[in-house]
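New to reading structures? Let's walk through one together, feature by feature.

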Amino acid sequence: MLMDRAYEGDETREFAKKQGFIVVVPPKKNRKHSWEYDKELYKSRNEIERFFLRIKRFRKVFTRYDKLDIIYTGVIIMALIYDALLM
């Protein structure tokens, strides 16, 4: 589970661990007791965020006006195809 530093609280981290996620959130700089985390995995969070930003360029994806899930899925697939062709 990739989390931002805003969610690095003890309760949130423990909840994520109980759910079976591997938490790779860095501690805040002002924390008294810090912990180790996978820095490379945390850096990949940026790639995921950029991917969703590219997909959300399509208004129908981020507003979800479609009533049927099958139509919405088709819109997402079309956005993915368009994004892949531009890359």
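What follows is a short chat about a predicted model.

Q: Which residues make up the largest nonpolar core?

A: Here's the general idea: in soluble globular proteins, nonpolar side chains tend to be buried together. In this model, the largest nonpolar core has five residues: Ile 55, Val 61, Tyr 72, Val 75 and Ala 79. Helix 4, residues 69-86, supplies the largest share of it, three residues.

Q: What does Val 61 touch, leaving aside residues up to four places away in sequence?

A: Look around Val 61 and you'll find Ile 55, Tyr 72, Val 75, Ile 76 and Ala 79 in contact.

Q: Which residues form a nonpolar patch on the surface?

A: That patch is Ile 77, Met 78, Ile 81 and Leu 85, with about 430 Å² of accessible area together. Take Ile 77, which sits in helix 4. Partly exposed means between 20% and 50% relative accessible area, and Ile 77 has 43%, so it counts as partly exposed.

Q: How many salt bridges are there?

A: Four. To read one, look for a Lys or Arg side-chain nitrogen within 4 Å of an Asp or Glu carboxyl oxygen. Lys 43 and Glu 40 fit, with their closest N and O atoms 3.7 Å apart. Both lie in helix 2, three residues apart, about one turn of the helix.

Q: What does the pair Arg 54 and Asp 83 tie together?

A: Their side chains meet in a salt bridge at 3.0 Å, N to O. Arg 54 is in helix 2 and Asp 83 in helix 4, so the pair ties together parts 29 residues apart in sequence. Asp 83 counts as buried, at 5% relative accessibility. Arg 57 joins these two in a network of salt bridges.

Key:
Residues numbered from 1 in each chain as written. Predicted model: local features only at pLDDT ≥ 70, side-chain atom pairs only at ≥ 80, totals over all residues. Heavy atoms only, no water. Core = buried A, V, L, I, M, F, W, Y, C linked by side-chain atoms within 4.5 Å. Buried < 20%, exposed > 50% of the residue type's maximum accessible area, 1.4 Å probe, protein only. Helix = DSSP H or I, 4+ residues; strand = E, 2+ residues; numbered from the N terminus. Contact = heavy atoms within 4.5 Å. Patch = residues over 30% accessible without salt bridge, like charges linked within 9 Å, V, L, I, M, F, W, Y side chains within 5 Å. Areas by Shrake-Rupley, 256 points an atom, 1.4 Å probe, with all protein chains shown as cover.
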